[in-house]
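Colleague: Hi! Have you got a minute to go through this model with me?
Modeller: Sure, pull it up and ask away.

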Amino acid sequence: MFGRLRRGSLQLAIILSSTLLVAAILLVVMLGLAAQGNKTVRDDAMSRIRQTVTQGSAALGSYMSGAMETVALFKSLAQEAADVESGDLAERLQIVRRQRADIAGLSVFSKGGELVFSTAGQALKAPAEIRASDWFVRAGLARPSTVSVSQPYLQDAFHGQYAWVVTLSTRVKYVRMGRAESGILAMDIRFRAIEELLGKVQLGASGYVYLLGPEYQLIYHNQLPLIQLGLKGEDTDLIRKNVMGEFFDTRGERERFVVVQTVDSTRWRLVGVGYMDELASANRRTIRMIALLLISGILMALAVAILMGRLIVRPLGRLTRIMSTVEGGDLDVEIPAQGFTEIRDLASAFKRMLDRIKILMRENELEQEQKRRYELDALQAQINPHFLYNTLDSIVWMQERGQNQDAIQMVTALARLFRISISKGRSVITVAEELEHVRNYLIIQSIRFKNKFTYTIAAQPEALHLRTVKLILQPLVENAIVHGLSHFMTDEGRLAIEARVEGDVLVLSVRDNGLGMSPEEVEAVMARRLGGGIGLSNVHERIQLIFGSGYGLTIESEQDVGTLVTLRQPVIREEETP
Amino acid sequence: MKCSLWIALAAALISVGLAVWGLWPAWEPARQAPQRVVALVLDTDIGVNSAVIRQGAQMAARECGAALNVEALSGDQSPDVQINLVLEQLEDGASGILLVPADADLVGRVSSLCAQHGALLTLLDCCEAHRGTAPYVGTNHVSSGAQAADKLLRDTGAKRLLVLWQDGGIARDRLHGVKLAALRAGAQAIEGDVPAADGEPASASVRKFLRENPDVRAVLCLDGALTECAAREIDALGLKGRLTLAGFDCDQTHIKCLEDGSAAFTVLREPLAVGYEGFRCLMERMTRGVTPPVRYVDAKVIPREDILKPENVRLVFPLIQ
């Protein structure tokens, strides 16, 4: 895939890579946020359940404490009354009772269970049944100051009155018919008041609270009738195992968080049940928000990537089109410097390269032109009609004069000269061949110039097998003879030709003891301004053309002393011959 | 290239839209389906049974997140008025009707109305004669009659059982059950058809049946109000202690009989369960389309000594506070 991407569109690569990068970063960040958010929401939800149950428990405890204080108030009123059966006490108790609609009834029973006083009228039950009642027994066993709390039950002690109540009972001393007695004061509070109190405790949409008695029996549950009918269930065994505190119940389809609190002043336990999935709805909202923001971020990254890709690729595309134009041969196109710095640099570099190509092309054209000219010159040098005419004329003259041996020598030298000139069409020959060519040339010339000069040809043995450009020495020798030695008398002129190796350089030199040249003349010769200079400058340029500017001719000359022309070229062995 | 610009623009616009949607808390998708409306049409607006059926249906409605409208016939209204009540509810958008029919003829007509309005009908706690082919949730009155007779015959060992009843749909079903139980036990069920539930005609009739059957040791009243009348006559005839009396339901007079020992037990329907289960069954039909055509809610036999047991108190005194 990456290989395909690398070979594909740059714009696509930019878009995909930057979008994927941003998506990956966003994903990591969002997942981190979601995980943290989930934990926070969960902790917060659990904390809310805890607080709600604690508040419910505190409210119930407070209510029961208030009820106990009312019992204490009734107790003090009964104890202070001159006679418990007096109308005065009944009136005072009724006043207090009317202020509290949750009080179902108030009664005082003797130790034997007989009704001494009641706001409800005559008791239905026999004293023995009253004595057996749980609230009566508890109060009798408790300390005088203690108020006992019964479990909720149906109060049916009085004719025609049924009430679902909790009885608060305590021991009381009172005066009846002038006698001090003691008994049990019982105040019934309607359980409905407690139900209303607990009904206000909200734990989410389907969370709830329930109340357990000391034996873990259900005494309040919003679905108690359905539980009693077997249509619903509530596992109180879990609470038995987790008497206090909190725990998670994961047995059902929905995970529940259960908090258990003991209610003050009673032996009841308030249990709060919250459903974690419901409480985590805020978390779902957060996750939804994060998901939307993630998609939004990716899309925004995509949009930015497309624009950036376009900004980057567009100048490159323009540059590519320009390159295509250049490839078509039009080097005079305009290259605009637009886009980012790197792309502008690229355009500038391309522009510079194009300029350089133009220069090189012009130079190449010149070189080709020169090369053609040099080749023509070389050809001319090979077949110099004057040289041939003069040589042949000399041979004829020698024949006429009977100098047959000289004529033979000259013809032989001419033949060898031409054989080497041809060299089977090769342009590169050995130094030995080149020296042989020069030797033949000098044989002919020395005969023609009536032995005005003598010559020597010396070469290091290792130089003989090296390669050099064909007919490179002849112009130098011709120059020395024509311009340096032709004015000498017989045998006065000296011409020394040498071939040697200096490191990686092959040195070929032609030294004469002719007229020599002033520095200006040397300069003019190299600049082709003097007659005969054409040959030297031709050789120099040929050498440089072939081997580079580090090589070529050097002229050392002194007037009336002589001239040394040195040709330097790199060492070329046979196997390196092009 | 232009295409990529359009894509970028579209992506940017969608991105902004999603970001706004994500950050805007009020834009919660409306996930909740429209609330279903169910109407409970009762045969009477008085009596413990109706009130508790209503309570049960309300509990189920809260649980299901549905709306419950309740209508009931007033004491003196003709049964036909129930048709109008049903029609009003259907026109108000009720998609389900829970009906305690006041008359046998009503069921067919209400079924047609519901079919016309695309609503579903479920009958609650009525006699077999009233049910027709509509789905039913409630007490099996034949079974409860047999239940009562079984216990009475087993407890007393009697071979003859006087059954006091006032002609009516449910009483007829109960009588049928009593007869089946008596047959099974090899006993004889003597029908004592009483013209009224209370008052002098009822007392006279009960007295007559008691005198005509001096060897009877067990009396079963198929109507709650008759129990007190029978207890009074038994007492008046000096038969108390020789006869065992039992009855149905939990009205005030019957409870008094249980408390003073005149009656041995009562057989109670469970109207809370009827209302609750009836509503849930109807909702199940509305949401899933399948539910058993009949779902019986068991009746419970409660001996006099058990009436104040915590598990029975709310059944015996369903409206007590």
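Colleague: Let's start with helix α16 of chain A, residues 474-485: why is it largely enclosed by the rest of the structure?
Modeller: Keep in mind that this is a predicted model. Nine of the twelve residues of that helix are buried, so α16 of chain A is largely enclosed by its surroundings in the structure.

Colleague: Nice. Which residues in α16(A) are buried?
Modeller: Going along the helix, they are A:Gln474, A:Pro475, A:Leu476 and A:Val477, then A:Asn479, A:Ala480 and A:Ile481, and finally A:Gly484 and A:Leu485.

Colleague: And zooming out, what share of chain A is buried?
Modeller: Buried residues come to 44% of the 578 residues in chain A. The chain has 18 helices and 18 strands. Its accessible surface is about 30200 Å², with 55% of that on carbon and sulfur atoms.

Colleague: How much of the contact in chain A is between residues 24 or more positions apart?
Modeller: Such pairs account for 64% of the contacts in chain A, counting those with a separation of 6 or more.

Colleague: Switching topic: how many residues of each chain are in contact across the A and B interface?
Modeller: 34 residues of chain A are in contact with 39 residues of chain B. Together the two chains bury about 3300 Å², and 67% of that is on carbon and sulfur atoms.

Colleague: What about charges, how many salt bridges cross the interface?
Modeller: One salt bridge is found between chain B and chain A. The side chains of A:Lys232 and B:Glu63 form it, at 2.9 Å from N to O. There are also three residue pairs in polar contact across the interface.

Colleague: Which helices of chain B supply at least two residues each to the side that touches chain A?
Modeller: Those are α1 (2-23), α2 (48-64), α10 (252-259), α11 (271-288) and α12 (310-316) of chain B. Helix α1(B) gives the most, with 15 residues. By type, the residues on that side of chain B are 25 nonpolar, five polar and nine charged.

Colleague: Last one, backbone geometry. What is phi of A:Tyr216?
Modeller: Near 65 degrees, a positive value in a residue other than glycine. A:Tyr216 sits in the loop between β7 (208-212) and β8 (218-221) of chain A. Phi of A:Asp560 is near 65 degrees too, and A:Asp560 lies in the loop between β17 (552-558) and β18 (562-570) of chain A.

Colleague: Are those two buried or exposed?
Modeller: A:Tyr216 is buried, with a relative accessible area of 12%, whereas A:Asp560 is exposed, at 66%.

Note on methods: Residues numbered from 1 in each chain as written. Chains lettered and ligands numbered in written order. Predicted model: local features only at pLDDT ≥ 70, side-chain atom pairs only at ≥ 80, totals over all residues. Heavy atoms only, no water. Helix = DSSP H or I, 4+ residues; strand = E, 2+ residues; numbered from the N terminus. Buried < 20%, exposed > 50% of the residue type's maximum accessible area, 1.4 Å probe, protein only. Contact = heavy atoms within 4.5 Å. Areas by Shrake-Rupley, 256 points an atom, 1.4 Å probe, with all protein chains shown as cover. Buried area = accessible area lost by both parts, 1.4 Å probe. Salt bridge = Lys/Arg side-chain N within 4 Å of Asp/Glu carboxyl O. Polar contact = N/O pair within 3.5 Å; in protein donor to acceptor, adjacent residues only side chain to side chain. Nonpolar A, V, L, I, M, F, W, Y, C, P; charged D, E, K, R; others polar.
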